[in-house]
Amino acid sequence: ELLEVLMLDFHGLLRCKRIQKQEFNALYSGGFSVPGTIPFLGIRGDLYDGLPLALVGGDPDRRIRPVAGTLVLVPWYESPVAQVLIQYVGDDALDASAPLSTREAPAHAERSEEVSWIDPRTPLLRVLDRYRESKLKVTVAAELEFYLVDPTPGERPRPLLGKVPGTDRPQSGIQYCMADDLFDCDAFLEDVREVCKVQNVPLTAIHSEFSPGQWEINTHYQHDPVLAADHAVLLKRIVKGVARKHGWAATFMAKPFADHAGSGLHVHVAVYDERGENWFADTTPDSNEVPRLMPRLRHAVAGLADTLEQGMAIFAPNPNSYRRFKAGSFAPSGASWGYDHREATLRIPASSETSRRIEHRVAGADANPYLVIAAVLAGVHQGLESPREPPDPLPREADLSDACITLPKRLEVALHKLQQGDVLIDYLGKDFVESYAVLRLGEADDYYSQIPDIDYDWFLRAM
């Protein structure tokens, strides 16, 4: 009876319009429009000076159309609701050779319009064009961390903790992969699984993380990176929706609690040629090394290291994001890499050769999955196209718990790196990068113009 039209913005947030049954046909026949400013909205719904007036002046309408394969039911509502992802289309479209998605669907074969550059999927589509030109394919999987939040009223949010058995005392301390956490949250986790099944979001594993109240949930790898990003965005919506149904809250903030670890979005990437052979694999007969870090894998790592600072404003898109990066927090500190080392920024997980891949561990859970995957794939492709050697990998026994943070520590610095860099602007598109930077800088200015309580605690009486 009802359909929620899910509209992405640059944050990766799903803005939503609920339409009635009599409007379904207009949406599916290409006659439905929404405000064209939606992709450019700030986290609180603001627009910022510096955005092109040709796009935002007068708040013009933009035509949209559904993305094939994304129409699903929304089980956590009491009302009869379905949802569908949309894309923005118009005259300022991508080149006609650029497909709407790499997934194969008959609806894409007879399209008359192309996706607009203002659509947050566009940078990823541009990057995938480069892989097609190089006759390469990629597989992508995402791991998302999040916190369940205690619904008990109070001045500050708190992570949802289990109870010490037989008491009302909260169970604090490291809770990594605790069976009791699965028991305590079984009904919530089962509802997440059921909704993911209904909405075609494939899961592989879920477990409690080191920090109390924190969880990690993994999606299955996909040969279509756009679909992998769809799954990550929809999974966030599922977790938050199901948590509300259970009277809780869930957050994908990068650093919601000062005393606990931040939440990340880890991206796994493998590259294959036209024959389906893994470009990172060791194909040397009778090799005894475990593993041999092959030249193409090393070149990809070098490309990722070279674009790491340029991509920080995408991997850490909010002022809060940078609170996640500190020594001893299992968050990356610099452009390190290594085999099976969880403190490395670029980790080569233990795997079979046919599954050899790179895990990019920089992005926060608050980042836009489409942009994160686009930036990661751009770095890999740049490394393969312009091969060079990276620094030496970390030894397995290396301790990075006290490593100095060499990544940008503030959003403004990261935005400068993005705008001054050449690689990501080329891959993602100049118009997109400039608009993204205006939005992020405007939000940063607003954020730092606020007076937080700590200013009163530290300075009001003393000064």
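**Exercise 1. Helices α11 and α13**

Work out how helix α11 (residues 411-420) and helix α13 (residues 430-448) are oriented in this predicted model, and which residues make the contact.

*Solution.*
- Step 1: Start with the axes. Those of α11 and α13 come within 10 Å and cross at roughly 165°.
- Step 2: Turn the angle into a word. Angles over 145 degrees count as roughly antiparallel, and α11 and α13 are therefore roughly antiparallel to each other.
- Step 3: Add the hand, which is left-handed for this crossing.
- Step 4: Pick out the residues. α11 brings L411, E412, L415, L418 and Q419, while α13 brings V433, Y436, A437, R440, L441, A444 and Y448.
- Step 5: Sort them by class. The contact of α11 with α13 has nine nonpolar residues, one polar and two charged.

**Exercise 2. An aromatic pair with a long reach**

How many aromatic pairs does a search of the whole structure find, and which parts does the pair of F10 and F432 tie together?

*Solution.*
- Step 1: The search turns up 11 aromatic pairs.
- Step 2: Look at F10 and F432. Their rings sit 4.5 Å apart, centre to centre, with 35° between the planes, so the pair is tilted.
- Step 3: Place the two residues. F10 lies in the loop between β1 (2-8) and β2 (14-20), and F432 lies in helix α13, so the pair ties together parts that are 422 residues apart in sequence.
- Step 4: Check the exposure: F10 and F432 are buried.
- Step 5: Widen the view. F10 and F432 belong to one aromatic cluster with F40, W117 and Y436. Y436 is also among the α13 residues in the contact with α11.

**Exercise 3. Helices α6 and α7**

Is V226, in helix α7 (residues 225-245), buried or exposed, and how does α7 pack with helix α6 (residues 186-198)?

*Solution.*
- Step 1: V226 has a relative accessible area of 2%. Buried means under 20%, so V226 is buried.
- Step 2: Compare sequence with space. V226 and G264 are 38 residues apart in sequence and 19 Å apart in space, C-alpha to C-alpha.
- Step 3: Now the packing. α6 and α7 meet at an angle of about 135°, and their axes are 10 Å apart. The two helices are therefore oblique to each other.
- Step 4: The crossing of α6 and α7 is right-handed.
- Step 5: List the contact. From α6 come F188, D191, V192, V195 and C196; from α7 come L235, I238, V239, V242, A243 and K245.
- Step 6: By class, the contact of α6 with α7 has nine nonpolar, no polar and two charged residues.

Key
Residues numbered from 1 in each chain as written. Predicted model: local features only at pLDDT ≥ 70, side-chain atom pairs only at ≥ 80, totals over all residues. Heavy atoms only, no water. Axes fitted to C-alpha atoms, helices over the stretch in contact; angles between N-to-C directions. Helix = DSSP H or I, 4+ residues; strand = E, 2+ residues; numbered from the N terminus. Parallel < 35°, antiparallel > 145°, perpendicular 65-115°, else oblique. Left-handed = near helix turned anticlockwise from the far one by under 90°. Contact = heavy atoms within 4.5 Å. Nonpolar A, V, L, I, M, F, W, Y, C, P; charged D, E, K, R; others polar. Phe/Tyr/Trp six-rings, centres within 6.5 Å; stacked < 30°, edge-to-face > 60°. Buried < 20%, exposed > 50% of the residue type's maximum accessible area, 1.4 Å probe, protein only.
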